Amino acid sequence: MKYKSQKVAYWFWALSMLLLSIQLTYGFIMGFDHLGYDGLHKWIPFNTAHTVHINTLVVWLLAGFMGAAYYIIPEEAETELWKPFLAYIQLITLTVVGVAALAGFHFNWWEGRKFLEIPHELDYLVALNVILFLVILLMTIVKGKKKTTTALVLFGGLVGAALLYLPGMLQFDSQTLDSFFRWWVVHLWVEGVWELIMGGILAFLLIKLTGVDREVIEKWLYVVIGLTFLSGILGTGHHYYYIGVNKIWLIVGGIFSALEPLAFLAMTLWAVNMYRKGQKKHPNKMAIYWTLGAAIVSFLGAGVLGLAHTLPQVNLYTHGTLVTDMHGHLAFWGAYAMIVFAIITYAMPNLTGRKFYDNVRGRLAFWLSNIGIFIMVSAFAAAGVAQVYLERMLGYDFIDVQKKLYPHFWVVIIGATILTTGLILYMINFIKYGLPTDEALEN
Ligand code: HEM
Ligand code: HEM
Ligand SMILES: [Fe+2]
């Protein structure tokens, strides 16, 4: 590392890994629930497991992004973080709020709006926490020597994510209005501002790993941002088809969301081209795997599998089925999980000075986790198509159909086991790198 204060990133990533473990555990609980093995039902009913699964997902990714920002911003701005002890306070308060929310979910203390289940009272603490985070970054950028495009895009994405959390705090009696604004958070996060965060991290990694000129890499970043906003904002309409709003959204949502894959395609072309152009000399091969992997798998998961059900004619049948889970798993994995693994893999040797870049465990972690998620996603796809046909087209009862899907859920469990094995290996590497040391400072 170049600046001592970058060390704080490590602790955010450690929190990330902890929450990821919880997410995976509750994923298995749900997987077995789907097979009729619901022995934990009394203590952890399906809705609790689902809420824990998706909220730990969001928070471990956010903690991953925060770590990334604390690592990247000082290096880009060429200065130490502004008041690093505040970053530790931010970490501790984030953890406390997270634990309170997770515990609360087990006692039915929740809001019940998918992805935004954190109780309203805790929302205010989340907001305060994020304001502290953004102030630390802003002050660092202001006092720094340089204001690079990469740093500004990353910061802009994080500010956007914070602002878009606010519509999710509004409360309505009308289901339509509630849904309308819920998507401002959920959709405009993953198909808007989070893409900027991803783009910023990707740009940083490509600059470091390929050695291609910053000017070239940052030009592509503008293209990605342009395509993201052009398609993603009005693309929100793909969630408004049948929720009781104006029918114009059928056309607007259909057209603009069908353009959204272009932004992800641009990211793939960007990363692959920069890699080809670069000197391929960087010793941290696994960081390159995860970086290129994120750029490619995000296009498959978000772009291709998103397109698969984004037209109103299709979504009429697929909405809220396992087809959505097929897409949700690969999109979150490719775009956001993999970019977090990429930045951690890149940063760890720099933080700790232990340079075991390319060990077998690291390679297995990459391949097993990716093979595992592809198996899971294929099983969700098969189950989803069968569900749509039997339940939505032939009109069979929901539960009768779910029972017909048992074989697919065994495949989900097999894929999840391979995925989890890979991720355990990743975490073993994370732990083995040890704690960051001041000796690892580069001169
Ligand atoms: C041990 C591994 C995992 C298992 C067994 C698992 C299983 C499941 C199950 C059974 C559901 C609910 C399906 C339903 O709608 O009834 C679900 C939902 C979900 N999971 Fe996982 N999962 C795992 C890992 C992951 C990972 C690594 C991610 C993200 C990178 C993820 C993201 C999601 C998302 C976003 C949803 C909600 C999807 C939607 O909106 O419909 N899961 N998962
Ligand atoms: C990395 C980016 C993306 C992520 C993480 C993501 C994740 C998700 C998740 C978790 C859901 C379920 C949301 C819920 O029910 O609350 C969802 C729904 C949906 N996504 Fe994406 N998505 C991404 C990009 C895209 C793109 C680019 C498209 C279109 C090309 C798309 C099309 C859709 C559609 C149509 C739905 C609604 C499914 C339904 O009606 O049940 N997504 N996405
Ligand atoms: Fe969306």
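This passage describes the overall fold of a predicted model, one of its helices and the surroundings of its two ligands. In this predicted model, local features are reported at pLDDT of at least 70 and side-chain atom pairs at pLDDT 80 or more, whereas totals for chains, interfaces and linings use all residues. Residues are numbered from 1 along each chain as its sequence is written, and chains are lettered from A and ligands numbered from 1 in the order in which they are written.

The protein contains 15 helices and zero strands, where helices (H or I, at least four residues) and strands (E, at least two) are DSSP runs numbered from the N terminus. The radius of gyration, taken over C-alpha atoms, is 21 Å, which agrees with the value near 22 Å for a compact globule of 443 residues under the rule of 2.2 Å times the number of residues to the power 0.38. Along the principal axes, the C-alpha atoms fill a box of roughly 70 × 45 × 45 Å. Buried residues, those with 20 or more other C-beta atoms (placed from the backbone) within 10 Å of their own, account for 49% of the 443 residues. Of the contacts (C-beta atoms within 7 Å) between residues at least 6 apart in sequence, 82% join residues at least 24 apart.

Helix α2 comprises the 32 residues 46–77, and the 46 Å between its end C-alpha atoms agrees with the expected span of 46 Å, calculated as 1.5 Å times one less than the number of residues. Because 27 of these 32 residues are buried, α2 is largely enclosed by the rest of the structure. Just after α2, E78 adopts a positive phi of about 55 degrees.

Ligand 1 is surrounded by 20 residues, of which G27, M30, G328, F332 and A416 come nearest; a residue is counted if its C-beta atom lies within 6 Å of the molecule. Two or more residues of this shell are given by each of α1 (8–34), α2, α12 and α15 (406–432), with the largest share, seven residues, coming from α12. The shell has ten nonpolar, nine polar and one charged residues, where Ala, Val, Leu, Ile, Met, Phe, Trp, Tyr, Cys and Pro count as nonpolar, Asp, Glu, Lys and Arg as charged, and the others, Gly among them, as polar.

Around ligand 2 there are 26 residues, the closest being A302, G306, G328, A331 and A335. Helices α6 (175–210), α10 (285–307) and α12 (322–352) each supply at least two residues of this shell, and α12 provides the largest share, six residues. By class, the shell around ligand 2 divides into nine nonpolar, 14 polar and three charged residues.

Definitions and conventions. A residue is buried if 20 or more other C-beta atoms lie within 10 Å of its own, exposed if 12 or fewer, and partly exposed in between; C-beta atoms are placed from the backbone. Two residues are in contact if their C-beta atoms, placed from the backbone, lie within 7 Å.
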